Amino acid sequence: MNAPLPIDRVLPEDETAILTLNNEHAAELSWLEPERLSFLVGEAFYTRRIGALEAFIMTFDQDAQYDSPNFLWFRERYLRFVYVDRVVVAAQARGRGHARRLYEDLFDQVSRAGHSIVTCEVNADPPNPASDAFHAALGFAEVGDAVIHGGRKAVRYYARQIGG
């Protein structure tokens, strides 16, 4: 069996590939323009990629300058947290455990930084039962829900305690 690909920091030269992969999944995430992606990478608490770009994750802590309604929902309710904004695995790389590895690496980073809560949202409408099951298996619990974007999307909010 091959050794797993390393998890690496996202660098500016990765942004074009990240933008392509993100926008292939804009229905589940949100469309990004190059300038917006660069801004978000600069604001992020933790961004990592696997391989040339088999997968990536982008997260923010409570101090980020970020106007996402989902991020703002958590900021209204939690003093300190790390919000998982997007995790994407390329179609040809699915089933290799990349998302789980990225989350586990994130949990280690969150703990080292002294945070104790990781948050995220999953689409309820349109539904994403695979993501619901994945997050439940990682220990996330539902903490709320909302209808956003003028009623075009409904989401469930999840949180997971890290450490004691």
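Here are some notes on the predicted model above, going through its salt bridges, helix packing and a few individual residues.

1. Salt bridges overall. Searching the whole structure turns up eight salt bridges. The next few points take up some of them, beginning with a pair that spans two elements.

2. Arg36 and Asp67. These two form a salt bridge, and their closest N and O atoms are 2.6 Å apart. Arg36 sits in helix α2 (residues 34-43), while Asp67 is in the loop between β3 (55-61) and α3 (69-77), so the bridge ties together parts that are 31 residues apart in sequence. How exposed is Asp67? Its relative accessible area is 53%, so Asp67 is exposed. Arg36, with 30%, is partly exposed.

3. Glu76 and Arg77. Here the salt bridge has its closest N and O atoms 3.3 Å apart. Glu76 is exposed at 63% relative accessible area, and Arg77 is partly exposed at 45%.

4. Asp85 and Arg86. If you want a salt bridge away from the surface, have a look at this pair: Asp85 and Arg86 are both buried. Their side chains meet at 2.7 Å, N to O. Then there is a network to look at: Asp8, Asp14 and Arg49 are joined by salt bridges that share partners.

5. Asp14. This member of the network belongs to the loop between β1 (7-9) and α1. Is Asp14 buried or exposed? Its relative accessibility is 11%, and the cut-off for buried is under 20%, so Asp14 counts as buried. With neighbours within four places in sequence left aside, Asp14 is in contact with Arg9 and Arg49. For a sense of scale, Asp14 and Gln161 are 147 residues apart in sequence and 31 Å apart in space, C-alpha to C-alpha.

6. α1 against α2. The axes of α1 (residues 15-24) and α2 come within 10 Å and cross at roughly 110°. That crossing angle makes the two helices roughly perpendicular. As for handedness, α1 passes α2 in a right-handed crossing. Which residues meet here? From α1 there are Glu15, Ile18 and Leu19, and from α2 there are Pro34, Leu37, Ser38 and Val41. By class, this contact has five nonpolar residues, one polar and one charged.

7. The buried side of α1. The buried residues in α1 are Glu15, Ile18, Leu19, Leu21, Asn22 and Asn23. What do they pack against? The buried residues of α1 pack against α2, β3 and β4 (82-89). Glu15, Ile18 and Leu19 are buried and also take part in the contact with α2.

8. His25. Moving on along the chain, His25 lies in the loop between α1 and α2. With a relative accessible area of 14%, His25 is buried. Not counting residues up to four places away in sequence, His25 touches Val88, Val89 and Arg94.

9. α4 against α5. At what angle do these helices pack? The angle is about 40°, and the axes of α4 and α5 are 11 Å apart. The two helices are therefore oblique to each other. α4 passes α5 in a right-handed crossing. On the α4 side Ala99, Arg100 and Tyr103 make the contact, meeting Phe134, His135 and Ala137 in α5. By class, the residues of this contact divide into four nonpolar, one polar and one charged.

10. Arg101. Also in α4 (residues 98-112) is Arg101, which is partly exposed at 22% relative accessibility. What does Arg101 contact, leaving aside neighbours within four places in sequence? Its partners are Pro4, Leu5, Pro6, Ile7 and Ile50. Arg101 and Pro4 are 97 residues apart in sequence, but their C-alpha atoms are 9.6 Å apart in space.

11. A cis peptide bond. Don't skip the bond from Asp125 to Pro126: it is cis, with omega near 5°. Most peptide bonds are trans. Pro126 itself lies in the loop between β5 (117-125) and α5 (129-137).

How values were computed:
Residues numbered from 1 in each chain as written. Predicted model: local features only at pLDDT ≥ 70, side-chain atom pairs only at ≥ 80, totals over all residues. Heavy atoms only, no water. Salt bridge = Lys/Arg side-chain N within 4 Å of Asp/Glu carboxyl O. Helix = DSSP H or I, 4+ residues; strand = E, 2+ residues; numbered from the N terminus. Buried < 20%, exposed > 50% of the residue type's maximum accessible area, 1.4 Å probe, protein only. Axes fitted to C-alpha atoms, helices over the stretch in contact; angles between N-to-C directions. Parallel < 35°, antiparallel > 145°, perpendicular 65-115°, else oblique. Left-handed = near helix turned anticlockwise from the far one by under 90°. Contact = heavy atoms within 4.5 Å. Nonpolar A, V, L, I, M, F, W, Y, C, P; charged D, E, K, R; others polar.
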